[in-house]
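Here is a short set of exercises to work through with the model on your screen. Try each task yourself before you read the solution.

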Amino acid sequence: MGLSYLKKIRFALAGCGHIAKKHAEAIKAIEDAELVAVCDSEPVALKTFVSKYGIKGYGLYQELLQDREVDVVTICAPSGLHAAMGIAAARAGKNVLVEKPVAITLEEADALIENCERAGVVLGVVHQNRFKPAITQLKSTVERGGFGKITHANATVRWNRNPNYYTLRPWGRLKNMGGGALMNQAIHNIDLLQWMMGKVVSVFGYTSSSLGLTEAEDTGTAVLKFENGALGVIEASTAIYPQNLEETLSIFGEKGTAIIGGTSIGEIKKWVFSDQELSVASIANQASTGSEPLHQCCVRDMVRAVRCREKPLVDGKEGRKVLEIISAIYQSGVSGQEIVLTPLEQ
Ligand SMILES: NC(=O)c1ccc[n+]([C@@H]2O[C@H](COP(=O)([O-])OP(=O)(O)OC[C@H]3O[C@@H](n4cnc5c(N)ncnc54)[C@H](O)[C@@H]3O)[C@@H](O)[C@H]2O)c1
């Protein structure tokens, strides 16, 4: 049944850069969503969006927040600004959809989560790869115990970010703005790793900025222990010559092996299970790839959450989990110590 009889959920974008384009197109494509305004502190970026979409434009974020037409603010500004902008939106009574990461420190993430709870607004975090068909299939296979006892899992991101990338996004070089191979790129794959494997109890990690293009790390490695007894390995780099090579998630268990890869995760590379029913599932999955664009899945999920006052697939607490792991790798890299993670309050 169509939803044309319901009031549309009205979105505004805060930040009109690269990722904002995907959000604008996603909102446009959803029947009961509408893009009503945008904001950018940079006048050229703002003007481009205002003229393309024929909507209101604000140079000052505080002015956008006073716009009573806006139901949801989607934060597409540099990552280091996410928490402060999200908190301001919540205090203005707006629902918040924030691009990854939810924030760049756990303290900031907690403040954002708390402010959204106090204001009674929905907080969603964009981790669009959770909607990929191969990933949803992997998740349901993990949940139905298809691997038996899981021994270990690997998240590997071997990508290239060249000087041109940083010329277009200078903030991506900076640690205090959320740059870095772990926080800015591999966060997607590490989120999937923890979504599949559950709570991480300890982390030992190293980071380095080997090529000197960035102040933040261009390479990070870590070994993990999960609460379920399995081990994990993370290898993340944006220094791979000469271009993006792979983004791969591998899970190994006593009754199954699954490797989902490709340059940008999503292709089933290996799918073998002792349960024959599970083994053939990959064929159906390959046929269903290329469905709805992933940002559209996130926006649709946010519309559902706001309309029904339910949780989005990735709410603030869910988005915090990957941040906890990355923060621990950073902490371990500095201290040279294994970091034992404290249990999350449920
Ligand atoms: N989900 C994904 O796959 C994905 C991909 C790319 C980027 N991102 C995330 O999206 C965010 C933006 O990344 P990007 O690549 O679009 O960056 P970008 O630099 O292209 O765009 C950021 C925009 O924010 C604007 N801005 C900066 N400060 C502002 C302020 N105070 N108020 C309003 N606007 C402000 C800038 O002028 C710029 O136009 C980052 O958090 C990044 O992690 C997510």
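**Exercise 1.** At what angle do helix 1 and helix 10 pack, and how far apart are their axes?

*Solution.* Two notes come before we start. This is a predicted model, in which local features need pLDDT of at least 70 and side-chain atom pairs count only at pLDDT 80 or more, while totals for chains, interfaces and linings use all residues. Residues are numbered from 1 along each chain as its sequence is written.

Step 1: Helices (H or I, at least four residues) and strands (E, at least two) are DSSP runs, numbered from the N terminus. Axes are lines fitted to C-alpha atoms, for helices over the stretch in contact, and angles run from 0 to 180 degrees between N-to-C directions.

Step 2: Helix 1 and helix 10 pack at an angle of about 60°, and their axes are 8 Å apart.

Step 3: Angles under 35 degrees count as roughly parallel, over 145 as roughly antiparallel, 65 to 115 as roughly perpendicular and the rest as oblique. Helix 1 and helix 10 are therefore oblique to each other.

Step 4: Lys 22, His 23, Ala 26, Ile 27 and Ala 29 of helix 1 make the contact with His 295, Gln 296 and Val 299 of helix 10. Here, contact means that the C-beta atoms of two residues, placed from the backbone, lie within 7 Å.

Step 5: Sort these residues by class, and you get four nonpolar, three polar and one charged. Ala, Val, Leu, Ile, Met, Phe, Trp, Tyr, Cys and Pro count as nonpolar, Asp, Glu, Lys and Arg as charged, and the others, Gly among them, as polar.

**Exercise 2.** Find how helix 11 lies against helix 5 and against helix 8.

*Solution.* Step 1: Begin with helix 5, whose axis comes within 10 Å of that of helix 11 and crosses it at roughly 175°. Helix 5 and helix 11 are therefore roughly antiparallel to each other.

Step 2: On the helix 5 side, the contact includes Leu 106, Ala 109 and Leu 112, and on the helix 11 side it includes Gly 316, Lys 317 and Arg 320. The contact of helix 5 with helix 11 has six nonpolar, two polar and three charged residues.

Step 3: Now take helix 8 (residues 181-197), which packs with helix 11 (residues 316-335) at an angle of about 120°, the axes being 9 Å apart. That makes helix 8 oblique to helix 11.

Step 4: Among the residues that meet here are Ile 187 and Ile 190 in helix 8, and Ile 325 and Ile 329 in helix 11. By class, the contact of helix 8 with helix 11 has eight nonpolar, one polar and two charged residues.

**Exercise 3.** Which residues come nearest to the ligand, and which helix gives the most to the shell around it?

*Solution.* Step 1: A residue is near a molecule or strand if its C-beta atom, placed from the backbone, lies within 6 Å of it. There are 24 residues around the ligand, and Gly 15, Gly 17, His 18, Glu 42 and Glu 99 come nearest.

Step 2: Helix 1 (residues 18-29) gives the most to the shell, with three residues.

Step 3: The shell has 12 nonpolar, seven polar and five charged residues.

**Exercise 4.** Look for unusual backbone spots in the loops.

*Solution.* Step 1: The peptide bond from Lys 100 to Pro 101 is cis, with omega near -10°. Pro 101 is in the loop between strand 5 (95-99) and helix 5 (106-119).

Step 2: Another cis peptide bond runs from Tyr 241 to Pro 242, with omega near -5°. Pro 242 sits in the loop between strand 10 (231-237) and strand 11 (246-253).

Step 3: Arg 309 is not a glycine, yet it has a positive phi of about 55°. Arg 309 belongs to the loop between helix 10 (294-308) and helix 11.
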